[in-house]
Structure formats: structure tokens, C-alpha cells
Amino acid sequence: MARYIGVRVLQTIPVVLGTTLLIYGLVFLMPGDPVRAMFGNHPPSEAAMNVVRREFHLDQPFIMQYLYFLKGVLTFDFGKTFQGRNVSDVIATSLPITAQLAFLSIFFEIIIGVGLGIVTGVKKGRIFDNTVLMSTLVIISIPTFVLGFVCQFIFAVKLGIVPATVGNYIDINHMLMPALVLASVSISYVIRLTRSQIKDNLNADYVRTARAKGLDNRTVVLKHILRNSLVPVVTYIGADLGGLMGGAVVTEAVFNINGIGHQLYSGISRGEGVLVVSLVTVLVLIYIVANLLVDILYAFLDPRIRYGKS
Amino acid sequence: MNSKIEHFVADYDTNLSAVDQFTSDKKVTGLIQEAWSIIIRNPLFWVSSVIVLILASMALFPGLWSQTDPLVCQISDSNLSGSAIHPMGTTLQGCDVFARVVYGARPSLAIGVMTTVIGTLIGVIIGTIAGFFGGILDSILSRVIDVFYAIPFILAAVAVLQLFQSSDSIWKVIFTLSLFAWTSPARLMRSAVLGVKQQEFITASVALGSSQFRNMFMHILPNSISPVIATATINIGGYIVAESTLSFLGLGLGSNSVSWGQDIANARDNLMTTPSMLLWPSLFLAVTTLSFIFLGDSIRDALDPKGRR
């Protein structure tokens with residue numbers, strides 16, 4: 001197991017280097033002189049600008065600049081926004097909010113996704129099964145922000161059941177609808193995945209054995225089928241944590257939540273390259289680490305992976 | 001089904017080679033013909049194909065469907081509900097919603113189809129090379145795929161489209177989406193090639209003396225491409241949704257262009273007064289995406305030999 005974890009961690013290093021290089025390369029490609037942009041319409045003397053260039057290592061070749069950027073990422077120092085706030089401060093205040101939203105979404109994925117997946121998997125081919133399957137496809141086909149608008153319009157504006165926007169109220173009452181909307185596409189995938197896993201396992205030899213020795217249906221489904229079906233589902237949900245942080249860009253913009261996605265959205269509309277790239281980097285790193293943890297969890301749950309070729 | 005195998009009882013002086021001969025009126029069919037005979041029996045295939053054809057005709061010849069110019073708007077006609085002249089009503093600016101939906105099909109479909117074509121082509125080439133040659137080349141290509149795969153799609157698109165904020169061209173969206181769309185076909189193709197490479201008919205082909213490239217193009221590629229084709233069809237819908245999301249974030253085609261994504265994004269501010277502005281483009285987008293999912297599903301069912309039975 002230790003060997004597997006070691007190999008897996010080592011494999012992550014080139015991916016981290018590659019992704020940060022890719023993202024930083026995109027900033028480097030950005031047109032215009034960042035120092036000139038910083039001073040706006042009244043640029044100071046060339047000498048003064050050169051001092052600033054030296055301060056931000058802009059006079060050095062690309063690869064050196066990348067290494068300074070990497071050092072900044074590792075020491076959690078991303079520079080400043082246009083308003084002079086430290087980007088790391090922005091991240092520190094907004095990330096917990098997005099994390100809450102993402103974890104609430106994961107909760108819904110487990111309760112609704114796995115729950116409906118089990119029911120439809122066991123009772124396949126009935127009206128309920130087909131209705132759920134069709135609904136998941138419809139949800140996948142609608143852009144998340146449209147679903148957000150519609151829910152906002154129906155449940156908040158027309159019916160008044162839940163608040164329309166979140167703003168500064170980070171509590172379960174305000175976060176309920178945004179978390180559900182953020183989770184909607186993932187819930188659909190979890191339902192389909194759980195259902196197909198259960199369907200595959202339903203005819204497995206070990207299930208026949210369990211039934212043959214006289215276990216009742218409930219025990220067979222919950223103790224035998226479910227345990228074997230859930231391994232890929234757990235992997236999917238775990239890996240989705242990073243995806244949800246990315247999807248939060250849209251959800252937070254719709255529901256006005258001051259999370260990291262909202263910072264990213266306003267960074268885009270203000271054209272703040274440094275902020276956007278820093279936030280994307282942080283989100284990508286979270287995504288990579290979440291995937292790493294899930295792979296380790298996977299090996300823990302399924303011995304075949306651990307003792308496989310690796 | 002109607003195959004008829006006749007067994008001969010040979011005369012004592014018959015040549016040995018004639019003993020095993022039999023006649024059968026079953027036609028020799030290839031994978032494509034067999035898949036076709038399955039797919040034409042699937043009603044979902046017909047429904048989704050008809051919808052896709054209708055949408056394609058809107059994208060190619062929008063004038064057939066609507067004579068109204070989507071960019072000519074009468075402010076005096078602001079916010080009308082459906083009527084004979086404006087079947088789906090008008091927007092706040094007095095533009096005809098039906099005309100905008102019809103003309104919006106072109107950029108949405110172009111982005112979905114072009115991204116899929118470019119991404120799949122690049123992915124198939126890289127995946128085949130990685131899977132076929134293996135070794136160090138495979139390790140390098142696989143790490144490159146990992147890097148591009150590790151960035152969530154929307155975040156990647158946000159980072160790249162930052163570069164083109166001044167442009168309103170449809171190609172900037174296609175380029176950006178393709179830049180990250182090739183990874184999953186590459187992974188699919190690589191694993192499919194690895195599987196096919198080990199099968200007996202490839203060994204037979206090598207034994208018969210066919211060259212490496214003949215092997216790759218004539219035998220391995222056609223036998224491993226079917227999962228990629230099915231997934232690609234499903235993904236067309238996904239890229240259409242992605243375009244609308246980018247438009248919502250202000251990184252799409254720009255507010256002056258006519259596309260479903262842009263119209264949906266614009267509809268947000270007037271949702272209270274003009275819900276039809278949100279309804280129609282969203283409905284068209286969702287139906288299009290669903291049709292591509294069903295089309296891809298029926299192609300997969302037809303091409304997957306394991307699913308037959």
C-alpha cells in the first residue's frame with residue numbers, strides 16, 4: 001500500500017508542474033505590457049518602469065519567471081489585485097465559502113444520487129426507473145445557469161420558499177438551492193452510475209450464491225450488491241469535489257455567493273489577469289490533490305488496484 | 001437467420017478439398033452493415049436524426065425558416081407575446097425571438113460540431129500513436145494527456161479565452177474548446193488500440209507480412225474507433241452547453257452576436273418581464289443536446305458487439 005501511494009504521489013508531480021506551466025504560459029501569451037497596464041494612461045518614465053519590471057522579475061526569461069511563479073504558488077504568495085489586496089487574502093476569505101457549497105453539494109449527491117440509483121437499479125424497467133433516467137438526461141442537457149435562473153424564478157420569486165440570492169448569509173437556508181443546482185448534473189451522473197453498477201452486479205455469481213444460501217432480498221441488496229457497486233461511485237463523487245469547485249464559477253455568479261468562483265467571475269469581467277490565473281491555479285491544484293486522494297482511497301477500497309501492475 | 005448449411009456425403013473418389021464445401025445463402029456482412037441493420041430498428045435513432053436534420057437545415061439555410069432579420073428590431077414592438085408575425089414573441093429590444101432562435105442554430109451547432117471534429121481528430125491521432133508504438137513515446141504522450149486532463153474544462157476555457165477578449169470570432173471558442181477536448185478521445189483511443197493490438201487477427205496480419213503502417217491504418221484503427229465515434233456524438237451536445245456557459249460568463253461570442261448561449265445569457269436581466277426570452281433558446285439548446293445524446297447512444301448500441309443479444 002505504501003509503495004502504491006508513493007508511486008501515485010510521484011506521478012502527480014509532473015502533472016502539477018505541467019498544469020502550472022501551461023496556465024502560466026497562457027498569462028505570458030497575454031497581449032500588452034502588464035507594467036504599462038498597471039499605470040494606466042499616465043505612464044511614468046522608462047527608468048521607473050524598469051524598476052517595477054525588475055521587482056516583478058519581468059526582465060528575466062520565461063523559464064525564470066515561471067520558477068518565480070511556482071515559488072509564489074508554493075509559498076502561497078500570488079501578488080496583488082488591482083485594488084492592492086493580496087491575492088492570497090482573497091483566496092483565504094473566499095475559498096471556505098466555496099468549500100461549504102461544494103461539500104453541501106456532495107451531501108446531496110450521496111443522498112439523492114446514490115439513493116435514486118439504488119431504487120432504479122433494483123427496480124429497472126419500470127415507469128419510475130424510466131422517468132428518473134429521462135429526467136437525468138434532461139438535466140444534463142440544460143446548462144446549469146439556466147437551471148439556476150429557473151429555480152430562482154420559481155422557488156424564490158414566485159413561491160417565496162427560499163431566498164433568491166445568498167450575499168453575506170452563509171447558512172443552510174440560503175445555501176440549499178445553490179448547492180442543489182450546483183450538484184444537479186453530478187447527481188444525474190451518480191444516479192446513472194449507481195444504477196448501471198447495481199444492474200451489472202445483480203446477475204453476478206456471488207449474488208446468486210447469497211440468494212442460494214437463503215438470504216432475504218434486503219440483505220442481498222444492501223450488504224452484498226451495494227458494497228460492490230459503490231466503489232466506482234465513491235471514486236466519482238470524490239473526484240467531483242474538484243469539478244464542483246470549478247462549476248461554482250457559474251453557480252456563485254447566479255446566486256451572488258462571495259466564493260472563489262465569484263472572485264474568478266469578477267476577475268474575468270475586470271480583465272484582471274493575475275487574479276484569474278492565480279485562482280485557476282489554486283482550483284486546479286485542489287482538483288489534482290482531490291484526485292490523488294481518491295486514487296489512494298480507491299486502492300484502499302479495492303485490493304485489486306493495490307496489487308495490480310503499478 | 002435463413003442460413004442453410006448442407007452437408008455432403010462425398011463419393012469415394014471426390015477430391016478432399018470438396019468435402020468441406022457448403023453453400024449458404026447468408027450474405028457476408030461487415031461491421032458497418034450490421035450496425036446499420038441494428039440502428040434502423042431503433043426508434044430513438046430516427047427521432048434524434050430527424051431533429052438533428054431540422055436543426056442542420058436551420059443552421060445552413062436559416063432563410064427557409066424565418067424571413068425576419070434577427071438583427072432588425074423595432075423598439076415599438078418591445079416585449080410582445082406570441083402572435084402570427086412573431087410566433088414566439090419579441091425581446092425587450094423588439095427583436096423577433098423565433099428569428100433569433102433560428103439564426104442562433106448556426107453558431108451553436110458550428111461550435112459543437114467543429115470542436116468535436118477537431119478534438120476527436122487530434123485525440124485519435126495522439127491516442128493511436130501512444131497505444132500503437134508504446135514505450136517511451138507512450139509515457140510522454142500519456143503525461144501530456146494527464147496535464148491537459150487535470151484542468152477542469154470550464155476553468156481551462158476561462159484561462160485561455162482571457163487571451164482573446166477583444167475578438168468576437170466563433171473560432172476563438174472552437175479553438176479554446178478543442179485545445180482541451182482532445183484528451184478524452186485520446187485516452188479512449190489509446191486503451192482501445194492497446195486492447196485490439198493484442199488480438200489474434202493482428203498477429204495473423206503481422207504473420208502474413210503486412211507492414212506496421214498497413215496494420216495500423218487497415219486493421220487497428222477501424223477496429224478500435226467505434227467507442228470514440230459514439231462518445232464524440234454525445235459530446236457535441238456537451239460543447240454546445242459549454243459555449244452557452246462561456247457566453248454567460250462573458251467570454252463567449254460577444255453580446256452583439258446571435259447565438260443561443262448569448263440569448264440565454266441576455267435573458268437573465270429580463271426574466272421577470274420576458275420569460276419567453278429565456279424559454280425558447282433554452283428549449284432549443286436542450287432539445288439539441290438531448291438529440292445528440294440519443295444519437296450517440298443508439299450508435300454505441302449498434303456498434304458495441306457486447307450489447308447485441
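What share of the contacts in chain B with a separation of 6 or more comes from residues 24 or more positions apart? The figure is 68%. Keep in mind that this is a predicted model, with an ipTM of 0.80 and a pTM of 0.82.

**Chain B at a glance**

Let's start with the make-up of chain B. Its secondary structure consists of 12 helices and 0 strands, so to speak an α-α-α-α-α-α-α-α-α-α-α-α pattern when you read along the sequence. The chain has 309 residues, and 42% of them count as buried.

How confident is the predictor here? For chain B the mean pLDDT is 80, with 82% of the residues at 70 or more. The elements at the two ends of that scale are in the table.

| Element of chain B | Residues | Mean pLDDT |
|---|---|---|
| helix 1 (lowest) | 31-39 | 78 |
| helix 3 (highest) | 97-133 | 90 |

**A look at helix 10 of chain B**

Helix 10 of chain B covers residues 226-248, which makes 23 residues. At 1.5 Å a residue you would expect a span of 33 Å, and the end C-alpha atoms turn out to be 34 Å apart, so the two agree. Still, this helix has a bend of about 30° at B:I234. As 18 of its 23 residues are buried, helix 10 of chain B is largely enclosed by the rest of the structure. After the helix comes B:G250, and its phi is positive, near 85°.

**Where the chains meet**

Now for the two chains together. On one side, 37 residues of chain A are in contact with 31 residues of chain B. On chain A, the elements giving two or more residues to the side that touches chain B are helix 1 (2-29), helix 6 (127-141), helix 7 (144-158), helix 10 (217-255), helix 11 (260-270) and helix 12 (273-301). That side of chain A has 27 nonpolar residues, 10 polar ones and no charged ones.

**The largest nonpolar core**

The largest nonpolar core holds 138 residues. The members that touch the most others are A:V276, A:V280, A:L283, B:L155, B:A157, B:V158 and B:A159. Helix 10 of chain A gives the most to this core, at 15 residues.

One of those well-connected members, A:L283, is worth a click. Setting aside neighbours within four places in sequence, A:L283 is in contact with A:M245, A:G246 and A:I260, and also with B:L155 from the other chain.

Definitions and conventions:
Residues are numbered from 1 along each chain as its sequence is written. Chains are lettered from A and ligands numbered from 1 in the order in which they are written. This is a predicted model: local features need pLDDT of at least 70, side-chain atom pairs count only at pLDDT 80 or more; totals for chains, interfaces and linings use all residues. Two residues are in contact if their C-beta atoms, placed from the backbone, lie within 7 Å. Helices (H or I, at least four residues) and strands (E, at least two) are DSSP runs, numbered from the N terminus. Ala, Val, Leu, Ile, Met, Phe, Trp, Tyr, Cys and Pro count as nonpolar, Asp, Glu, Lys and Arg as charged, and the others, Gly among them, as polar. pLDDT is the predictor's confidence in each residue, from 0 to 100. The expected span of a helix is 1.5 Å times one less than its number of residues. The bend at a residue is the angle between axes fitted to the seven residues ending there and the seven starting there. A residue is buried if 20 or more other C-beta atoms lie within 10 Å of its own, exposed if 12 or fewer, and partly exposed in between; C-beta atoms are placed from the backbone. A nonpolar core is a set of buried Ala, Val, Leu, Ile, Met, Phe, Trp, Tyr and Cys residues joined through C-beta atoms within 7 Å.
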